[in-house]
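Trainee: I have a new structure open and would like to learn how to read its features one at a time. Could you take me through it slowly?

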Amino acid sequence: MVERIGLAVHAYGIAARSLELTAAYCRERETFGKPLIANQVVRHKLVEMQRQVWVARCYVRSTAARYVAGEEVTAEACLAKQTAVDCATYVCDQAVQLHGGTGYMHGTEVERHYRDARILPIGGGATEVLTDLAAKLLGYTSAGMA
């Protein structure tokens with residue numbers, strides 16, 4: 001359980017860092033005589049990235065606090081990891097997109113986070129395995145059904 005919560009923290013952490021890098025890049029990078037952030041679609045992407053980071057962070061921290069308090073949160077830890085990993089995958093993908101060719105270049109920080117985000121759904125139990133475990137813990141099984 002601690003491993004899953006740790007991976008979830010790592011996931012929303014790299015998402016938050018990727019967002020920070022991307023927001024700074026969008027303020028600095030100029031296209032057609034104005035910064036990227038002047039475009040509504042860019043601002044909306046940044047807001048959605050922020051929303052996902054906040055949701056993942058709040059869910060993971062809540063689950064971790066409940067675990068520390070001694071509550072049984074195995075299902076929640078599985079889902080918190082998935083939420084944070086989905087966030088990292090989305091945010092890092094958008095970060096690379098907004099950075100353009102620079103974001104895809106090997107050796108840039110945003111490209112590194114993009115690669116790191118891809119391995120997170122596997123560590124600590126693959127997403128599919130953890131989803132099945134959560135389903136069993138939540139009582140979503142076929143046992144006892146006619």
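Trainee: How many salt bridges does a search of the whole structure find?

Mentor: Keep in mind that this is a predicted model. The search of the whole structure finds eight salt bridges. One of them joins the side chains of Arg17 and Glu109, with 2.8 Å from N to O. This pair links distant parts of the chain, since Arg17 belongs to helix 1 (residues 2-28) and Glu109 to helix 5 (residues 109-119), 92 residues apart.

Trainee: Are the two partners, Arg17 and Glu109, buried or exposed?

Mentor: The category in between applies here, because a residue is called buried under 20% relative accessible area and exposed over 50%. Arg17 has 29% relative accessibility and therefore counts as partly exposed, and Glu109, at 35%, also counts as partly exposed.

Trainee: Which salt bridges should I look at within a helix?

Mentor: Take Arg51 and Glu48, whose side chains meet in a salt bridge of 2.6 Å, N to O. The two are three residues apart in helix 2, so about one helical turn separates them. Arg51 is partly exposed, with a relative accessible area of 44%, and Glu48 is partly exposed as well, with 23%. Another case is the salt bridge between the side chains of Asp116 and Arg112, at 3.1 Å from N to O. Here the residues are four apart in helix 5, which means that they too are separated by about one helical turn. Asp116 is buried, with a relative accessible area of 19%, whereas Arg112 is partly exposed, with 45%.

Trainee: Which residues are joined into one network by salt bridges that share partners?

Mentor: Arg17, Glu20 and Glu109 are joined in this way.

Trainee: How should I read the nonpolar interior?

Mentor: The general idea is that, in soluble globular proteins, nonpolar side chains tend to be buried together. In this structure the largest nonpolar core has 29 residues, and those that touch the most other members are Leu46, Met49, Ala84 and Val91. At least two residues of this core come from each of helix 1, helix 2, helix 3 (74-99) and helix 5. Helix 1 gives the most, with ten residues.

Trainee: What is Met49 in contact with, leaving aside its neighbours within four places in sequence?

Mentor: Its contacts are Leu19, Thr22, Tyr90, Val91, Gln94, Ala95 and Leu98. You can read Gln52 in a similar way: this residue lies in helix 2 (residues 40-68) and touches Asp86, Cys87 and Tyr90, when residues up to four places away in sequence are not counted. Gln52 counts as buried because its relative accessibility is 17%, and the cut-off for buried is under 20%.

Trainee: Which residues make a nonpolar patch on the surface?

Mentor: Val2, Tyr67 and Val68 make a nonpolar surface patch of about 300 Å². Among them, Val68 has its place in helix 2 and counts as exposed, at 72% relative accessibility.

Trainee: How can I tell which side of a helix faces inward, and which residues are buried in helix 6?

Mentor: Begin with the buried residues and ask how they are spread around the axis. In helix 6 (residues 127-137), Thr127, Leu130 and Ala134 are buried. They cover an arc of only 65 degrees around the axis, so they lie on the same side of helix 6. What covers the buried residues of this helix includes helix 1 and helix 3. The exposed residues Glu128, Val129 and Lys136 are carried on the face of helix 6 that is turned away from its buried side.

Trainee: What is the sign of phi in Gly139, which follows helix 6, and in Phe32?

Mentor: In Gly139, phi is positive, near 85 degrees. Phe32 also has a positive phi, near 55 degrees, in a residue other than glycine.

Trainee: Where does Phe32 lie, and is Phe32 buried or exposed?

Mentor: Phe32 lies in the loop between strand 1 (30-31) and strand 2 (34-35). At 86% relative accessibility, Phe32 counts as exposed, because the cut-off for that word is over 50%.

Technical notes
Residues are numbered from 1 along each chain as its sequence is written. This is a predicted model: local features need pLDDT of at least 70, side-chain atom pairs count only at pLDDT 80 or more; totals for chains, interfaces and linings use all residues. Side-chain values use heavy atoms; hydrogens and water are left out. Buried means under 20% relative accessible area, exposed over 50%, partly exposed in between (1.4 Å probe, protein chains only). Contact means heavy atoms within 4.5 Å. A salt bridge is a side-chain nitrogen of Lys or Arg within 4 Å of a carboxyl oxygen of Asp or Glu. A nonpolar core is a set of buried Ala, Val, Leu, Ile, Met, Phe, Trp, Tyr and Cys residues joined through side-chain atoms within 4.5 Å. Patches are made of residues with over 30% relative accessible area and no salt bridge: like charges are joined within 9 Å, nonpolar side chains (Val, Leu, Ile, Met, Phe, Trp, Tyr) within 5 Å. Accessible areas come from the Shrake-Rupley method with a 1.4 Å probe; for residues, only the protein chains shown count as cover. The arc is that of the directions from the helix axis to the C-beta atoms.
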